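Work through the exercises below with the model open. Each task is followed by a stepwise solution.

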Amino acid sequence: IACLIHFKPDKAEQAVLDFADLFRASLAEIKTGVTFQEELALCRQYLNIETLRLGERLQLVWGIDKIPEDALLPQLSLQPLLENAIYHGIQPLPDGGTISITGEFDGKEIKLNVKNPLNENDSRHQGHQMAQENVKQRLRIFYGRRAKLSLQKDANFYQVNIVFPYINQ
């Protein structure tokens, strides 16, 4: 952001505003839900910041058209998964890569998947799964045992899957 101030002050200002929104969201109470549309807006703000840093190295594929915008979920259920996907998947790769965010809705449950490339040879970015555990706890507090978080991994990709019941306002 500091570098942008002199060359692109409008982008620097927007990045500061996006950071402020992310910070406020991190302080919100877990028991209070937000709509999927609100969580998605927060994710897009975060991704705008990362795009300033990573540029063309960060590619996104969205497949969430079937998810009801009014579905309630705990705030910061999706954003930390995107942050992990960037830190562990995109950042270590010299050419970057693509994160896919997909979802399904069967009328009762919502399934969201965040998939990123994986560089198995880069041990510097092996995490402790704290963000995933945090999301799992948020889901459990909000939905009880009706929500699930699972992982899929192979030599080329890492995917986090969350499933939760459809509840709206």
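**Exercise 1. Burial of a helix**

Task: List the buried residues of α4, then state how far the helix is enclosed.

Solution.
- Step 1. The model is predicted. A residue is buried when its relative accessible area is under 20%.
- Step 2. In α4, the residues that pass are Q79, P80, L81, L82, N84, A85, I86, H88, G89 and I90.
- Step 3. Ten of the twelve residues of α4 are buried, so the rest of the structure largely encloses this helix.
- Step 4. For the background, take the protein chain: 44% of its 169 residues count as buried.

**Exercise 2. Packing of two helices**

Task: Describe how α3 and α4 pack, and say which residues make the contact.

Solution.
- Step 1. Locate the helices: α3 spans residues 36-54 and α4 spans residues 79-90.
- Step 2. Read off the geometry. The angle is about 25°, and the axes are 9 Å apart.
- Step 3. Classify the angle. Angles under 35 degrees count as roughly parallel, so α3 is roughly parallel to α4.
- Step 4. Assign the hand: the crossing of α3 past α4 is right-handed.
- Step 5. Collect the contact residues. From α3 come E39, C43, Y46, L47, E50, R53 and L54. From α4 come Q79, L82, E83, I86 and I90.
- Step 6. Sort these residues by type. The contact of α3 with α4 has seven nonpolar, one polar and four charged residues.
- Step 7. Relate the spacing to helix geometry. An α-helix has 3.6 residues a turn, so residues three or four places apart point the same way.

**Exercise 3. Aromatic pairs**

Task: How many aromatic pairs are there? Characterise the pair of F105 and Y166, then that of F142 and Y143.

Solution.
- Step 1. Ring centres must lie within 6.5 Å. By this rule there are three aromatic pairs.
- Step 2. F105 and Y166 sit 5.0 Å centre to centre, with 65° between the planes. Over 60 degrees counts as edge-to-face, and this pair is edge-to-face.
- Step 3. Place the two rings. F105 lies in strand β4 (residues 97-105) and Y166 in the segment after β7 (157-165), so the pair ties together parts 61 residues apart in sequence.
- Step 4. Check exposure. F105 is partly exposed, at 29% relative accessible area. Y166 is partly exposed too, at 25%.
- Step 5. Turn to F142 and Y143. Their pair is edge-to-face, at 4.9 Å centre to centre and 85° between the planes. Both F142 and Y143 are buried.
- Step 6. Extend the network: ring pairs join F142, Y143 and F164 in a cluster.

Notes: Residues numbered from 1 in each chain as written. Predicted model: local features only at pLDDT ≥ 70, side-chain atom pairs only at ≥ 80, totals over all residues. Heavy atoms only, no water. Axes fitted to C-alpha atoms, helices over the stretch in contact; angles between N-to-C directions. Helix = DSSP H or I, 4+ residues; strand = E, 2+ residues; numbered from the N terminus. Parallel < 35°, antiparallel > 145°, perpendicular 65-115°, else oblique. Left-handed = near helix turned anticlockwise from the far one by under 90°. Contact = heavy atoms within 4.5 Å. Nonpolar A, V, L, I, M, F, W, Y, C, P; charged D, E, K, R; others polar. Buried < 20%, exposed > 50% of the residue type's maximum accessible area, 1.4 Å probe, protein only. Phe/Tyr/Trp six-rings, centres within 6.5 Å; stacked < 30°, edge-to-face > 60°.
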